[in-house]
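Colleague: I have just opened this one on my screen. Would you walk me through it?

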Amino acid sequence: MATNTPLHVIIAGGGIGGLALANGLRRAGVSVSVHERETQRTDRLQGFRIHINPHGSDALAELLSPELYSTFVACAGRGGNGFGFVTEQLRELLRIDPGADAASGHYGISRITLRQLLLADLDGIVHYGSMFDRYERLPDGRVRAHFADGTSETGDVLVGADGGTSRVRAQYLPHAERVDTGIVTIAGKYGLTPESRARLDARLLRNPLSVIPPSGCGMFLAPHEFDIPEGAEHIAGNQAGLPPGLLHDNTQPYVFWAFAAKRERYGADLEALSAAELHALAVRMTAGWAPELRTLVIDSDPETATLLPIKTSVPIPAWETTNVTLLGDALHSMTPFAGIGANTALRDALGLYRALVAADRREHGLIEGLHAYEADMIDYGFAAVRTSLTAANQSVSDSRFARGAGKLVFRTANAIPAMKRKMFADLGAE
């Protein structure tokens, strides 16, 4: 980076972390471009509810404009910040209701809506249909990124924010692995209308629940009730060009559920199954569960059934810092079982934003700032990877003894308020 020129940042990948970083840099006056492999802004608009914790919401508050952050808060789901553990017969093991103060900074929001919000102020900055291919270092120290369409761009910093299959990581840190855990999830949506709401047990509408059968599988479910605020329909409502159906609809409230088990337990070639066949398989896998839980799965829209093979990165030691760096899943891809992946990417975006803005203002050197960012990110990022992998393995454990011991701990905590408060504080810290 020449000392007499402003910084230019190239971001490869338009996921949550990369777009959040771009918002912050744009607002700070730092030159930035985002190269997104999808061909238009509606291509990635599908998915389910995600939980944003204080790490994530604090990052969004600093990176987004006040207007967009207010829209984010207004579009987030109402209530539901408690959490519960139940058996597959819907018997309560533990219910944590943190209250309004303790739940401050926690939000549930549609992944579709969040991505739309992150794109709203980035016209002219995001380049669609621009898949990163490779980079080269130039004699003056800058980096040139090449894209699959034959174009290229030169900048002072290249940020790999291109997800778990990151091409930037593959070239920069080829020894960094991402592996299959052997766990597979089938997820779905139960759309909430006045009629469908009346058919569903009220306990499934109160707060997120983790369902713990005796062994070998598990389920997470969460209600997502929200309103698109008046005047924000053009940002957060359904976008033109999206396919019809509940999977892509972010205007109708729903209950999200995800059934998880080891691949061999399903007894099927999962990748060969259609959405309707995946839904039918989830129905079979929950046979014998409480009728209230069965209703949730059986009456969900079959076309929303989605296969999610669970992968995780393998932690690596720190590397020598250069003007190529990584963010989010591009380095520390993690299982979704702890609910912290998006929040960790947003935490990355905030830390990297601060480092880059300070370098652009000559408050410290570029490599110095990037090194401090990476040292911090490697520490908390791979800690989150380990936490998430532990949660994943526990969710599908075949050990009835371990499951029984865990249930005993939950029941004991449920009966002792001080122990319950400590458990909530520990969950919040993670």
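What follows is a short conversation about the sheets, a helix, some rings and one loop residue.

Modeller: Gladly, and please keep in mind that this is a predicted model.

Colleague: Thanks! In the open sheet of five strands, which strands stand at the edges?

Modeller: The order across that sheet is β7-β2-β1-β11-β17, with parallel pairing. Two of the strands have a single partner strand each, so one side of each is left without a neighbour in the sheet. Those edge strands are β7 (126–128) and β17 (324–326).

Colleague: And by how many degrees are neighbouring strands of this sheet turned against each other on average?

Modeller: With direction ignored, the average turn between neighbours in this sheet is 20 degrees.

Colleague: Let's look inside it. Which residue of β11 does V9 stand opposite?

Modeller: Strand β1 covers residues 8–12 and β11 covers residues 157–160. The two run parallel and are joined by four bridges. Opposite V9, in β11, stands V157.

Colleague: At about what angle does helix α1 run to β2?

Modeller: Helix α1 spans residues 16–28 and lies across β1, β2 (31–36), β7 and β11. Relative to β2, the helix runs at about 160 degrees.

Colleague: Now for the sheet of seven strands: which are its edge strands?

Modeller: This open sheet has mixed pairing and follows the order β5-β4-β13-β14-β15-β12-β16. An edge strand here pairs on one side only, and that holds for β5 (92–96) and β16 (306–313).

Colleague: Which residue is the bridge partner of V179 in β16?

Modeller: β12 and β16 run antiparallel and are joined by seven bridges. Along this pairing, T185 stands opposite L308 in β16. For V179, the bridge partner in β16 is T312.

Colleague: β12 also pairs with β15, I see. Which residue of β15 stands opposite I186?

Modeller: Here the pairing is in the antiparallel sense, over nine bridges. The β15 residue opposite I186 is F259.

Colleague: F259 brings us to the rings. Is F259 buried or exposed?

Modeller: F259 forms an aromatic pair with Y266, at 6.1 Å centre to centre and with 80 degrees between the planes, which is edge-to-face. Y266 has 5% relative accessibility and counts as buried. F259 has a relative accessible area of 0%, so the answer is buried.

Colleague: What kind of pair do F83 and F85 make?

Modeller: A pair of aromatic rings is described by the distance of the centres and the angle of the planes. For F83 and F85 the centres are 5.1 Å apart. Their planes stand at 70 degrees, so the pair is edge-to-face.

Colleague: Of those two, F83 has a relative accessible area of 24%. Which class does F85 fall into?

Modeller: At 24%, F83 is partly exposed. F85 has a relative accessible area of 12%, and since the limit for burial is under 20%, F85 is buried.

Colleague: Which residues do ring pairs link into a cluster?

Modeller: The count of aromatic pairs in the model comes to nine. Ring pairs join a set of phenylalanines into a cluster: F83, F85, F220, F256 and F410.

Colleague: Over the face of which ring does R347 lie?

Modeller: There are charges over rings to look at here, including K189, which lies over the face of Y254 at 4.4 Å from the ring centre. R347 is at 3.9 Å from a ring centre, and that ring belongs to Y380.

Colleague: Why can the buried residues of α11 be placed on the same side of the helix?

Modeller: Helix α11 (residues 291–298) has L293, R294, L296 and V297 as its buried residues. What covers them includes β4 (83–87), β12 (178–191) and α10 (275–285). They fall on the same side of α11 because the arc they cover around the axis is only 155 degrees.

Colleague: One last stop, at G164. How far apart are the C-alpha atoms of G164 and S313?

Modeller: G164 sits in the loop between β11 and α6 (167–172), and at 13% relative accessibility G164 counts as buried. Beyond its neighbours within four places in sequence, G164 is in contact with R169, R178, D329, A330 and S333. G164 and S313 are 149 residues apart along the chain, and their C-alpha atoms are separated by 8.1 Å.

Conventions:
Residues are numbered from 1 along each chain as its sequence is written. This is a predicted model: local features need pLDDT of at least 70, side-chain atom pairs count only at pLDDT 80 or more; totals for chains, interfaces and linings use all residues. Side-chain values use heavy atoms; hydrogens and water are left out. Two strands pair if DSSP finds at least two bridges between them. Axes are lines fitted to C-alpha atoms, for helices over the stretch in contact, and angles run from 0 to 180 degrees between N-to-C directions. Contact means heavy atoms within 4.5 Å. Rings of Phe, Tyr and Trp (its six-membered ring) pair if their centres lie within 6.5 Å; planes under 30 degrees apart count as stacked, over 60 as edge-to-face and the rest as tilted. Buried means under 20% relative accessible area, exposed over 50%, partly exposed in between (1.4 Å probe, protein chains only). A charge sits over a ring if NZ of Lys or CZ of Arg is within 6 Å of the ring centre and within 35 degrees of the ring normal. The arc is that of the directions from the helix axis to the C-beta atoms.
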